[in-house]
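Visitor: I am new to this structure and should like to be guided through it. May we proceed by question and answer?

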Amino acid sequence: MPAMRVLITGGAGFIGSHLVETGRQAGWEIWVVDDLSRGSRSNLPDGIPLITIDIRDPALEELMIDFRPAVIHHLAAQVDVAASVADPWHDASVNLLGTLRVLRAALRSGVRRVVLASSAAVYGEPERLPVAEGHPLRPLSPYGLSKAAAEAYARWFGAYYGLEVVILRYGNVYGPRQPAVGEAGVIARFLAALADGERPVIHGDGRQVRDFIYVGDVAAAHLQATARGAGGIYNIGTGRAISIRGLYRLMQRVTGVEGEPTHGPPRPGDIRRMVLDIRRAQAELGWAPRVGLREGLAETWRWMAGRRQGPG
Ligand SMILES: NC(=O)c1ccc[n+]([C@@H]2O[C@H](COP(=O)([O-])OP(=O)(O)OC[C@H]3O[C@@H](n4cnc5c(N)ncnc54)[C@H](O)[C@@H]3O)[C@@H](O)[C@H]2O)c1
């Protein structure tokens with residue numbers, strides 16, 4: 001049987017590059033589309049074609065007609081919540097119009113299925129925990145709004161044109177290759193600070209609660225969503241809560257680095273408490289998180305240490 005052709009947008013980024021690895025092991029023939037605004041070619045294994053264009057570019061449609069993928073995993077996005085508050089226009093342009101371009105290209109090139117990377121940010125502040133997929137969508141940031149709008153458009157393409165759409169709403173993703181610059185994930189920022197002998201900055205009082213999911217587990221969810229769950233929306237997290245202070249203490253135990261964090265002002269658009277109900281993904285995608293937080297932190301710390309030592 002010929003290998004399944006899969007296009008991964010944002011494949012040179014943090015989560016996308018892990019999906020490239022997972023897909024390669026599954027025998028996919030992969031093309032990556034990424035404008036390298038945040039991602040990097042060095043995140044990709046050798047031999048994976050990288051097409052460096054913006055997903056909003058009409059050329060995406062011709063490119064996909066050439067490649068004719070069976071499935072698209074769409075991860076390219078403006079991912080920075082604070083940047084979305086500062087410039088909602090740019091955020092909507094990439095996350096909404098960019099997704100529309102991907103959906104249109106999917107239709108024109110005969111793609112069977114689109115798996116969309118979405119976020120728990122679409123829920124806003126939860127009414128109750130854990131948050132199930134039926135919870136109302138009341139995003140607190142333009143980023144959450146653009147992700148919710150992109151989901152709604154994708155579902156419309158599914159209903160109207162029969163495109164198979166699967167939506168994955170991730171919790172806070174962490175792991176190797178997450179950049180510690182800009183408004184990076186809190187785990188990448190804290191570990192980088194600990195490695196540099198600096199005091200990590202906690203935004204707000206540190207009592208915020210999050211659901212941290214290891215990047216390899218997110219890639220595994222995409223793998224399952226390639227064949228299962230047509231038309232579904234799935235939370236991808238662990239279902240376990242930890243406060244930012246609790247996270248910091250756990251990191252100290254894992255890394256052996258002592259010291260107190262400092263506190264900065266809360267960030268605009270931040271959610272106070274988020275824990276995802278993942279039972280639907282377990283039942284319908286046949287997926288479950290495998291890597292616990294302690295193990296995932298140790299893995300990420302090892303990666304960071306190796307990187308700081310350099311290749312030779
Ligand atoms: N990291 C998280 O905790 C998290 C949580 C929820 C959802 N997500 C979603 O997961 C996806 C991947 O995020 P990530 O954390 O790997 O971030 P990332 O920035 O590492 O990856 C995004 C990739 O998309 C590329 N990109 C951005 N704009 C583009 C454009 N206009 N055209 C082509 N490529 C473009 C970037 O260069 C980058 O490589 C995003 O859709 C994000 O919204 C991430």
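Visitor: Does Arg177 count as buried, exposed or partly exposed, and why?
Guide: The model is a predicted one. Arg177 lies in the loop between β7 and α6, and its phi is near 80 degrees, a positive value in a residue other than glycine. A residue is buried at 20 or more other C-beta atoms within 10 Å and exposed at 12 or fewer. Because Arg177 has 19 C-beta neighbours inside 10 Å, it counts as partly exposed.

Visitor: Is Arg68 buried or exposed?
Guide: Arg68 lies in the loop between α2 and β4. Its phi is near 50 degrees, which is a positive value in a residue other than glycine. Since Arg68 has 11 other C-beta atoms within 10 Å, and 12 or fewer is the limit for this class, Arg68 is exposed.

Visitor: Which residues are joined by a cis peptide bond?
Guide: Most peptide bonds are trans. In this model, one of the partners of a cis bond is found in the loop between β5 and α5. The omega of this bond is about -10 degrees, and the residues it joins are Leu129 and Pro130.

Visitor: In what order do the seven strands of the open sheet stand?
Guide: The pairing in this sheet is parallel. β3 and β11 stand at the edges, each with a single partner strand, so one side of each is left without a neighbour in the sheet. Read from one edge to the other, the order is β3-β2-β1-β4-β5-β6-β11.

Visitor: How many bridges join β5 to β6?
Guide: β5 and β6 run parallel. Across this pair, Leu116 stands opposite Ile167 in β6, and Ser119 stands opposite Tyr170 in β6. The number of bridges joining the two strands is seven.

Visitor: How many of the seven residues of β6 are buried?
Guide: Strand β6 covers residues 164–170. The strand is mostly covered, and its count of buried residues is six.

Visitor: At about what angle to β5 does helix α5 run?
Guide: Helix α5 is made of residues 142–161. The helix lies across both β5 and β6. Its angle to β5 is about 160 degrees.

Visitor: How far apart are the axes of helix α2 and helix α4?
Guide: Two packed helices are described by the angle between their axes and the distance between the axes. For α2 and α4 the angle is about 35 degrees, and α2 passes α4 in a right-handed crossing. The distance between the axes is 9 Å.

Visitor: Which residues of α4 does α2 meet?
Guide: From α2, the residues in this contact are Leu60, Glu61, Met64 and Ile65. The residues of the contact divide into four nonpolar, no polar and four charged. On the side of α4, those met are Arg101, Arg104, Ala105 and Arg108.

Visitor: Why is helix α7 largely enclosed by the rest of the structure?
Guide: Helix α7 spans residues 215–225. Its buried residues include Val215, Asp217, His222 and Gln224. The helix is largely enclosed because its buried residues number 11 of the 11.

Visitor: Which element supplies the largest share of the shell around the ligand?
Guide: The ligand is surrounded by 28 residues, the closest being Gly10, Gly13, Phe14, Gly39 and Ala77. By class, the shell has 13 nonpolar, 10 polar and five charged residues. At least two residues of the shell come from each of α1, α4, β5 and β7. The largest share, three residues, is that of α1.

Visitor: Is Gln78 buried or exposed?
Guide: Gln78 is found in the loop between β4 and α3. Among the residues that Gln78 touches are Ala83, His90, Val94 and Asn95. Gln78 and Asn95 are 17 residues apart in sequence and 6.2 Å apart in space, C-alpha to C-alpha. With 23 other C-beta atoms within 10 Å, Gln78 is buried.

Visitor: What distance separates the C-alpha atoms of Pro2 and Gly27?
Guide: Pro2 lies in the segment before β1. Pro2 is exposed, with 6 other C-beta atoms within 10 Å. Pro2 and Gly27 are 25 residues apart along the chain, and the separation of their C-alpha atoms is 9.5 Å.

Technical notes:
Residues are numbered from 1 along each chain as its sequence is written. This is a predicted model: local features need pLDDT of at least 70, side-chain atom pairs count only at pLDDT 80 or more; totals for chains, interfaces and linings use all residues. Axes are lines fitted to C-alpha atoms, for helices over the stretch in contact, and angles run from 0 to 180 degrees between N-to-C directions. Helices (H or I, at least four residues) and strands (E, at least two) are DSSP runs, numbered from the N terminus. A crossing is left-handed if the near helix is turned anticlockwise from the far one by less than a right angle, and right-handed if clockwise. Two residues are in contact if their C-beta atoms, placed from the backbone, lie within 7 Å. Ala, Val, Leu, Ile, Met, Phe, Trp, Tyr, Cys and Pro count as nonpolar, Asp, Glu, Lys and Arg as charged, and the others, Gly among them, as polar. A residue is near a molecule or strand if its C-beta atom, placed from the backbone, lies within 6 Å of it. Two strands pair if DSSP finds at least two bridges between them. Lists of a residue's contacts leave out its neighbours within four places in sequence.
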